[in-house]
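Q: I should like to learn how to read the main features of a protein model. Could you take me through them in order?

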Amino acid sequence: MASTPAGSGRTRVHVVSDVHGNARDLARAGDGADALICLGDLVLFLDYADHSRGIFPDLFGRENADRIVELRTARRFEEAREFGARLWSGIGTDRATAVEGAVRGQYAEMFAAFPTPTYATYGNVDMPSLWAEYARPGTTVLDGERVEIGGWTFGFVGGGLRSPMRTPYEIDDEEYEAKLAAVGEVDVLCTHIPPEVPELVYDTVARRFERGSRALLETIRRTRPRYALFGHVHQPLVRRMRIGATECVNVGHFAGTGKPWALEW
């Protein structure tokens, strides 16, 4: 288990999630903190608030971005996939190559903005295979692993579960549950997705339930961490609630707010 030495006095950690290309604010997110925690989704494929931003509109233009957001918001996922497939067939280059090139450019900027120390895990739109190339000394990537910060134990589980969106880092429920088991009992459980509680997984702007984890909910009830921290749902119905002894907190849509959530003990 990696560790960072506890300093004298109190410890302050800043937590961000769903950075989605906001490198400017990310560079300041650790100011005044002993460490920064990032719960993933560094990549910006498509900004649902501003359809001109992201990999998709860079490749296909604002009008096509408007259309695919319209289809996805209406939960017409099959039509959205067919529409996207037609667009990709017309760009004259391999889809995977085009996406990876754009993601690499974003990762270079995002990882350069991380302060030292940073502890990070993957979001569902991230590409884990690339992170080792960009994580500099001072940035520790954890997934199904633990770290000690200021005398507290933090556990990290990255990624999302299978969904109709078919984002890059979605895994089976069984694999996700195994990572939770590997983390075990911790003071703070850090994940990208929330526990499967209706108020925590419903996005009020997208008007849909995102995928949360039943295994995560059961783990929280069984192991009783002090905090369970997560992101993924950008505009949740409820940002914070207690589940038994655990304070569950959606740390916010950092791409939109530019402000980290602070934890001090």
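The dialogue below moves from the whole chain to single residues.

Q: What kind of model is this, and how many helices and strands are in the protein chain?

A: It is a predicted model. The protein chain contains 10 helices and 16 strands.

Q: What radius of gyration does the protein chain have, and how does it relate to that of a compact globule?

A: The general idea is to set the value beside the one expected for the chain length. For 265 residues, a compact globule would have a radius of gyration near 18 Å, and the protein chain agrees because its value is 18 Å. Along the principal axes, the C-alpha trace spans about 60 × 35 × 30 Å.

Q: What do burial, surface and contacts add to this picture of the protein chain?

A: Of the 265 residues, 53% count as buried. The protein chain exposes about 11,800 Å², of which carbon and sulfur atoms supply 47%. Among contacts with a separation of 6 or more, 59% are between residues 24 or more positions apart.

Q: How should a helix be read, taking α5 as the case?

A: An α-helix has 3.6 residues a turn, so residues three or four places apart point the same way. Helix α5 covers residues 95-113, which is 19 residues, and reaches 28 Å from first C-alpha to last, close to the 27 Å expected. Its buried residues are Ala98, Val99, Val103, Gln106, Tyr107, Met110, Phe111 and Ala113.

Q: What covers the buried residues of α5?

A: The cover includes the helices α1 (23-26), α2 (55-60), α4 (77-89) and α6 (128-134), together with strand β5 (139-141).

Q: Which side chains of strand β14 are buried, and which are not?

A: In a strand, one asks which face each side chain points to. Along β14 (residues 240-243) the side chains alternate. Met241 and Ile243 point to one face and are buried, whereas Arg240 and Arg242 point to the other and are not.

Q: How is β14 joined to strand β15?

A: For a pair of strands, one looks at direction, bridges and the connecting turn. β14 and β15 (residues 246-250) run antiparallel and are joined by 4 bridges. Together they form a hairpin with 2 residues between the strands, and Gly244 in the turn has a positive phi of about 60 degrees. Within the pair, Met241 stands opposite Cys248 of β15.

Q: How many disulfides does the structure hold, and why is Cys190 not bonded to Cys38?

A: The general idea is to compare the distance between two cysteine sulfur atoms with a cut-off, here 2.5 Å. The structure holds 0 disulfides. The sulfur of Cys190 is too far for a bond, because the closest cysteine sulfur, in Cys38, is 11 Å away. Cys248 is likewise in no disulfide, its nearest cysteine sulfur being that of Cys190 at 12 Å. Cys190 is buried at 0% relative accessibility, and Cys248 is also buried, at 0%.

Q: Which residues have a positive phi although they are not glycines?

A: Here one examines the backbone angle, the location and the exposure of each residue. Arg75 has a positive phi of about 60 degrees and is found in the loop between α3 (62-73) and α4. Arg75 is partly exposed, with a relative accessible area of 45%. His232 has a positive phi of about 75 degrees and lies in the loop between β13 (227-230) and β14. His232 counts as buried, at 13% relative accessibility.

Q: Is the peptide bond from Thr116 to Pro117 cis or trans, and where is Pro117 found?

A: The omega angle gives the reading. For the bond from Thr116 to Pro117, omega is near 0 degrees, and the bond is cis. Pro117 is found in the loop between α5 and β4 (118-120).

Key. Residues are numbered from 1 along each chain as its sequence is written. This is a predicted model: local features need pLDDT of at least 70, side-chain atom pairs count only at pLDDT 80 or more; totals for chains, interfaces and linings use all residues. Side-chain values use heavy atoms; hydrogens and water are left out. The expected span of a helix is 1.5 Å times one less than its number of residues. Buried means under 20% relative accessible area, exposed over 50%, partly exposed in between (1.4 Å probe, protein chains only). Contact means heavy atoms within 4.5 Å. Two strands pair if DSSP finds at least two bridges between them. The radius of gyration is taken over C-alpha atoms; the globule rule is 2.2 Å times the number of residues to the power 0.38. Accessible areas come from the Shrake-Rupley method with a 1.4 Å probe; for residues, only the protein chains shown count as cover.
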